[in-house]
Amino acid sequence: DEFSYRDPVDSSTTSQQGVRLLFADGSRIVLRLSGTGSVGATVRIYIERYQPPGDEYALLANATDALRPLVDLALHLSQVRELTGREAPTVIT
């Protein structure tokens, strides 16, 4: 879906904040543009994988490995490599 942001402090709403891909297991991919300058923008891709309680091994897994399937899907669907010419992100947090 295309999502909006509602500020909890002043109740203002900002629309067209990006695209969310919501999955049945509770995981999600969020893609949005960020930037306030007059030139360029930053493409932000947020990856969240839901892990139900009780699987201690999964909770201790390396984040890169655990998120890899969702990252690969996000890159494929967004075609960010093809559209930007970048093969790797400049920042990973």
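Reader: Which side chain makes a polar contact with the side chain of R28?

Author: Happy to start there, keeping in mind that this is a predicted model. R28 is found in strand β4, and R28 touches Y46, I47 and E48, among others, once residues up to four places away in sequence are set aside. The polar contact from the R28 side chain spans 2.6 Å, and its partner is the side chain of E48.

Reader: Thanks! Is R28 buried, partly exposed or exposed?

Author: The relative accessible area of R28 is 27%. Buried would need a value under 20% and exposed one over 50%. R28 therefore falls in between, so the label is partly exposed.

Reader: What is the strand order of the open sheet?

Author: Let's build it from the edges. The edge strands, each pairing on one side only, are β3 (19-22) and β5 (42-48). β3 pairs with β4 (residues 28-34) in the antiparallel sense over four bridges, and in β4 the bridge partner of V19 is L31. The sheet has three strands with antiparallel pairing, in the order β3-β4-β5.

Reader: Which helix lies across β3, β4 and β5?

Author: Contacts of I47 give a good lead: leaving aside neighbours within four places in sequence, they include L67, L70, V71 and A74. The helix covering residues 63-78 runs at about 145 degrees to β5, and this helix is α2.

Reader: Lovely. Which residues form the largest nonpolar core?

Author: β4 and α2 are the elements that give two or more residues to this core. I47 is in contact with I29, L70 and A74, among others. The core has five residues: I29, L31, I47, L70 and A74.

How values were computed: Residues are numbered from 1 along each chain as its sequence is written. This is a predicted model: local features need pLDDT of at least 70, side-chain atom pairs count only at pLDDT 80 or more; totals for chains, interfaces and linings use all residues. Side-chain values use heavy atoms; hydrogens and water are left out. Two strands pair if DSSP finds at least two bridges between them. Contact means heavy atoms within 4.5 Å. Axes are lines fitted to C-alpha atoms, for helices over the stretch in contact, and angles run from 0 to 180 degrees between N-to-C directions. A nonpolar core is a set of buried Ala, Val, Leu, Ile, Met, Phe, Trp, Tyr and Cys residues joined through side-chain atoms within 4.5 Å. Buried means under 20% relative accessible area, exposed over 50%, partly exposed in between (1.4 Å probe, protein chains only). A polar contact is a pair of N or O atoms within 3.5 Å; within protein, one must be able to donate a hydrogen and the other to accept it, and residues adjacent in sequence count only if both atoms are side-chain atoms.
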